[in-house]
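Please load the model in your viewer and keep the selection panel open, since each stop on this tour begins with something to select.

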Amino acid sequence: MKLTLPRISQFLFLALFLFLFIITDYRGKDEITVAVNSFFRANPLVLVSYVFAVKGFTLLLLPALLMTIFTVVLGRFFCGWICPLGTLIDLVTRRIPKSAPIRFLKGSFKYYLLFTLLAMGLFSVNLSGIFDPIAILIRALTFFFYPLLGYVGRAGWSGLYQIAGEGRDHVGFLYYFLRDYVLPFRETFYPLAFFSLAVFLFIFILERFERRNWCRNVCPLGTLLGLLGRFSLFRRVPGRICKDCGDCRSHCPTAFDEEILQADNCIRCMQCRTRCRFNRVTFPLRWKKPFLPVTKEPRQPVMSKRMFLGSVVSGFFLSRAFSFRHPEKDNRLLRPPGVKNETDFLKKCVRCGECMKVCLRSALYPDLARAGVTGMFMPVIIPRLGYCEYNCTLCGQVCPTGAIPRLPLEEKQKSIIGTAVIDKNICLPYAKKLNCIVCEEHCPISSKAIRFETVEDIDHQGRKVSLKQPYIVDDLCNGCGICENKCPLEGRSAVEVFARKKG
Amino acid sequence: MKRRDFLKLGLTSLVASQFPRTLFGQTAPPAVAVSEGTDYAAVTRKTIGALGGMKAFVKPGSTVVVKPNIGWDRKPEYAANTHPLVVKTIVEECLASGAKKVKVFDNTCNDARRCYENSGIQGALRGMKNVDVRFVENDRFRKTALNGRFLKEWPLYDDALNADVFINVPIAKHHGLTGLTLGLKNMMGIMGDNRGYIHRSIEDALCDINSLVRSHLVIIDATRILTDHGPQGGNLKDVKVLNKVIASRDIVAADAYATTLFGMKPQDISTTVAAYKRGLGEMDVKKMKVLSFRF
C-alpha cells in the first residue's frame with residue numbers, strides 16, 4: 001500500500017477517531033471539550049435527516065453544513081479521505097477474496113434506501129442512525145469491542161499474576177497506563193452487543209463480493225455525499241476506461257464497475273491518478289459548467305420521479321408500521337436526563353451510542369424492545385444496573401444533535417427521568433419489619449425525596465421494634481434511580497423508577 | 001529481634017498473663033484527644049501528638065491504611081467526606097514515622113472517580129511518594145470469616161486485612177438509620193458486595209466487622225459536621241463548622257465523644273451502645289480521659 005496523501009489522511013482520521021472515542025469519558029473534569037461526537041456533528045446524513053425529521057436546524061450541526069458545502073465543491077471526498085469505517089475496509093479488503101458483485105445491489109437499491117430513510121424522517125421516524133456508517137462503527141466499538149478490550153486487559157493482568165506473581169510489577173507501569181487512560185473504568189456488558197457486532201461484520205462480509213461493496217452499494221451517507229458530489233467543481237478526466245490500458249478497473253475501489261466512471265461513487269481517493277502509467281488522470285476544475293450535475297451519461301442511476309415517489313410511499317408506510325408500543329414497557333422507558341418528549345427524542349436521536357459510552361455509572365443501555373422497533377439502539381436507563389449520577393451532565397454534552405439537551409447542572413438535577421415507587425409487598429420495613437433505609441441514605445436530593453416515618457411495632461418474633469418506613473416525595477424525586485440501584489434486596493428492587501408523564 | 005529481647009518479651013508476657021486483665025489498659029480510662037482551631041493541619045497534628053504522636057502507632061517499615069470517608073460526590077464544604085487536609089496531615093505523619101507505604105481508599109457510594117476527585121482527597125495526596133490513592137478493585141475483596149452475631153462471612157478489602165496499622169478517619173455526620181455515622185460505621189468502606197444488606201441489623205453487623213478489623217487509631221474529622229440529611233447532605237445549611245478533630249485508640253470512645261458535639265447522648269446511638277456492650281470500647285464520656293487543646 002503506497003502512502004499517498006489520501007492514505008495519510010485516512011490513517012490520521014482513523015487515529016483521531018479512535019483517540020476521540022477513548023477520551024469520550026469522565027477524566028476528572030465535569031466538562032468534555034472534544035468528543036467523538038465531532039464525527040456526527042460533521043455528518044451530512046445526520047444533518048439532512050435531522051432537518052427532515054425536526055423541520056428545523058440546530059447550531060450543533062453547523063460543521064455538517066460546512067461538510068455539505070465542501071462536498072458540493074470537492075465531491076465525495078469524505079469516503080476516501082476521512083471515513084474511519086472506509087479506512088478499516090481498505091485495510092482488510094485485500095485479504096478477502098472476491099466473488100462476483102451482488103446484482104441485486106447494483107440497481108437503485110442505495111437510492112431507495114436513502115430516500116426511504118429520509119421519507120420516514122419526514123414522517124417523524126428518524127432511523128438513519130441505524131444505517132449511518134459512523135454510528136455502526138461506534139456501536140460496535142462501544143457495545144462489543146471496548147468492553148472486550150477491558151475484559152482482556154483486566155483478565156490478562158490478573159492472569160499474569162497467576163503466572164509471574166509479584167514479577168508482574170515490572171510491567172506494572174504499562175498496565176497502569178492502559179487502565180488509567182485506555183481501558184473502560186467499569187466492566188459493563190451491553191444488550192445488542194452481538195447484534196451491533198453482526199451489523200459491523202456484515203459490512204466486511206459484503207467485501208467478499210466486491211471492493212468497498214458497502215460504500216458503493218448500500219451506505220446511505222456515501223449515497224448522499226455522492227448525490228451532493230454530482231455538483232462538484234472537480235471532475236475526473238478521462239471519464240471512462242482508456243481503451244489501451246484499463247488498469248483503473250482494478251485500481252479504483254468504487255467507481256469503475258462499468259466502462260464509464262460512476263461519478264456518484266468516485267471517492268476522490270486519487271488511486272487512479274497516482275498509479276496511472278501514462279499520467280493521464282487529472283481532476284481539473286470545471287470552469288465551463290460549474291455546479292451542474294453530471295447525470296446525463298447513460299446507465300447511471302438517475303433520480304427519477306418514480307423512485308422519489310416510491311421512497312416517499314414506502315417511507316410513509318414503514319414509519320407507521322412499527323408504531324405499536326406496549327404500555328407496560330412504556331412505563332419503564334426511562335430516557336436520559338433532560339429528554340422531555342419521546343416523539344421529539346425519536347426525531348433527533350442518532351443512536352450513535354456515545355451517551356452510553358460516556359455514562360459514568362453505566363446507567364444507559366441500547367434499547368431493543370421497550371420503545372418498539374423504531375426505538376432500537378436508543379438509550380434507556382436500567383436503574384438496577386446503573387443510576388444517573390446527580391452531579392454529572394456528560395450525556396448531554398456528547399449528544400451530537402442535542403436529542404439529550406446540554407443542560408447546566410442545576411437544571412439537569414431538576415429534570416425528571418421518572419418517579420420512584422416503593423413496593424410495600426417486598427420493602428423490608430413493611431414486609432419483614434426489618435430496618436433498612438438504604439434508599440433514603442443514597443437519595444442525592446439535599447432535602448431528601450425519600451423520607452421515612454418512624455413507627456413503633458411488634459416484629460414477627462414478638463419483639464418491640466422501632467421501624468423506619470420509607471416514602472417518596474413525588475415533587476422532589478427526579479427519578480435518578482440510585483434508590484433502585486442500591487436497594488439491597490436480591491433480584492428485584494423494592495423501589496423502582498417509573499416514567500412519569502410530564503405535564 | 002535479638003534472642004535476649006525475645007526471651008525478655010516472652011517471659012514478661014507469661015508473667016503478665018497471670019495478672020488479672022484489668023491491670024493492663026482495660027480499666028485505664030481511654031484517652032480521647034480533641035483539638036480545635038482553624039488550621040486543620042495543625043489541629044490534626046496536635047490531636048495525634050496528644051496520644052503520643054504517630055510514632056506510637058506506626059513503626060518504621062510498616063504498611064498503613066488510612067481509611068477516610070470518600071463515599072460521596074460532594075465538595076469538602078458539604079461535610080459529606082473527610083476533609084482533605086485532615087487526611088493529608090495524617091498521611092504525612094505516617095510517612096514521617098517511617099511508614100513504608102500508606103494506602104488511602106474507600107469503597108464509594110457514588111462514582112468512585114467523581115468521589116475521589118471532588119472530595120479533594122485525590123488532589124491533596126497527588127504526587128506524594130509511597131502513598132497509594134487507588135480505586136477499590138472488585139477482585140481484591142476476600143471472603144473473610146467473621147463468625148459474628150449477624151455476619152458469618154463477608155468479602156472485605158485485602159488492603160484493610162493486610163495492613164500493619166489501620167487508621168480510621170471518618171467525618172462526623174448525621175445518618176437516617178443510625179442517627180450518626182462515625183468510626184464504627186466508616187468501616188463499611190472496606191466491605192464489598194451488596195453491603196446495604198447489613199442495614200437490617202446494622203448494630204450487630206458493624207460490631208462483627210469492627211471485631212475483626214480493629215482500628216488502631218480513630219481520628220474523627222469534626223472540622224465541619226453534617227447535622228441533617230446525611231450521610232449525603234448537599235445543603236450548606238445542614239453544615240456546622242466546629243474546627244475540631246478528635247482522636248482515640250478506642251473507637252467507641254471516639255464515637256461517643258463525637259456524639260456529644262451534635263448535642264446528643266452516646267446512648268442515643270444504637271451502634272455505639274451495641275459496640276460498648278460487645279466490649280469494643282468505652283461509651284461513658286465521664287470515664288474517658290479527655291485531652292482538649294484549643295488554639
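Two residues are in contact if their C-beta atoms, placed from the backbone, lie within 7 Å. With that cut-off in hand, and bearing in mind that this is a predicted model, select Val455(A), which is found in strand β4 (residues 450-458) of chain A. Leaving aside residues up to four places away in sequence, Val455(A) touches Leu467(A) and Gln469(A). Add Ser466(A) to the selection: the C-alpha atoms of Val455(A) and Ser466(A) are separated by 5.6 Å, although the two residues stand 11 residues apart along the chain. Is Val455(A) buried or exposed? Val455(A) counts as partly exposed, because 13 C-beta neighbours lie inside 10 Å.

Next, colour chain A by domain, for which the domain assignment gives domain 1 as 1-417 and domain 2 as 418-496. The C-alpha centres of domain 1 of chain A and domain 2 of chain A lie 44 Å apart, and where the two meet, 14 residues of domain 1 are in contact with 10 residues of domain 2. On the domain 1 side of that contact, the classes are 9 nonpolar, 3 polar and 2 charged residues.

Now select strand β3 (residues 419-422) of chain A, whose covered face consists of Ala420(A) and Ile422(A), while Thr419(A) and Val421(A) form the uncovered one. Extend the selection to strand β6 (residues 495-498) of chain A, which runs antiparallel to β3(A) and is joined to it by 4 bridges. Within this pairing, Thr419(A) stands opposite Phe498(A) in β6(A).

For the next stop, colour chain A by pLDDT, where the mean is 90 and 96% of the residues reach 70 or more. Among the elements of chain A, the lowest mean pLDDT, 81, belongs to α17(A), and the highest, 97, to helix α24 (residues 482-486). Stay with helix α17 (residues 327-331) of chain A and pick Glu328(A), which has its place there. Glu328(A) is exposed, because 8 other C-beta atoms lie within 10 Å, where 12 or fewer is the limit for that class. A distance monitor from Glu328(A) to Phe104(A), 224 residues apart along the chain, should give 41 Å between their C-alpha atoms.

Turn then to the contact between the two chains, which takes 26 residues from chain A and 21 residues from chain B. Helix α23 (residues 438-442) of chain A gives the most to the chain A side, with 4 residues. By class, that side of chain A divides into 12 nonpolar, 7 polar and 7 charged residues.

Finally, show chain B alone, which has 10 helices and 12 strands. Its C-alpha trace spans about 60 × 45 × 40 Å along its principal axes, and its radius of gyration of 18 Å agrees with the value near 19 Å that a compact globule of 295 residues would have. Buried residues make up 55% of the 295 residues in chain B, and of the contacts with a separation of 6 or more, 73% join residues 24 or more positions apart.

Inside chain B, select helix α2 (residues 40-50), whose buried residues are Tyr40(B), Val43(B), Thr44(B), Arg45(B), Lys46(B), Thr47(B) and Ile48(B). The elements of chain B that cover these residues include β1 (31-36), α3 (84-96), β10 (217-226), β11 (239-248) and β12 (289-294). The tour ends at Gly52(B), which follows α2(B) and has a positive phi, near 105°.

How values were computed:
Residues are numbered from 1 along each chain as its sequence is written. Chains are lettered from A and ligands numbered from 1 in the order in which they are written. This is a predicted model: local features need pLDDT of at least 70, side-chain atom pairs count only at pLDDT 80 or more; totals for chains, interfaces and linings use all residues. Domain bounds come from an automatic or database domain assignment. Ala, Val, Leu, Ile, Met, Phe, Trp, Tyr, Cys and Pro count as nonpolar, Asp, Glu, Lys and Arg as charged, and the others, Gly among them, as polar. Helices (H or I, at least four residues) and strands (E, at least two) are DSSP runs, numbered from the N terminus. A residue is buried if 20 or more other C-beta atoms lie within 10 Å of its own, exposed if 12 or fewer, and partly exposed in between; C-beta atoms are placed from the backbone. Two strands pair if DSSP finds at least two bridges between them. The radius of gyration is taken over C-alpha atoms; the globule rule is 2.2 Å times the number of residues to the power 0.38. pLDDT is the predictor's confidence in each residue, from 0 to 100.
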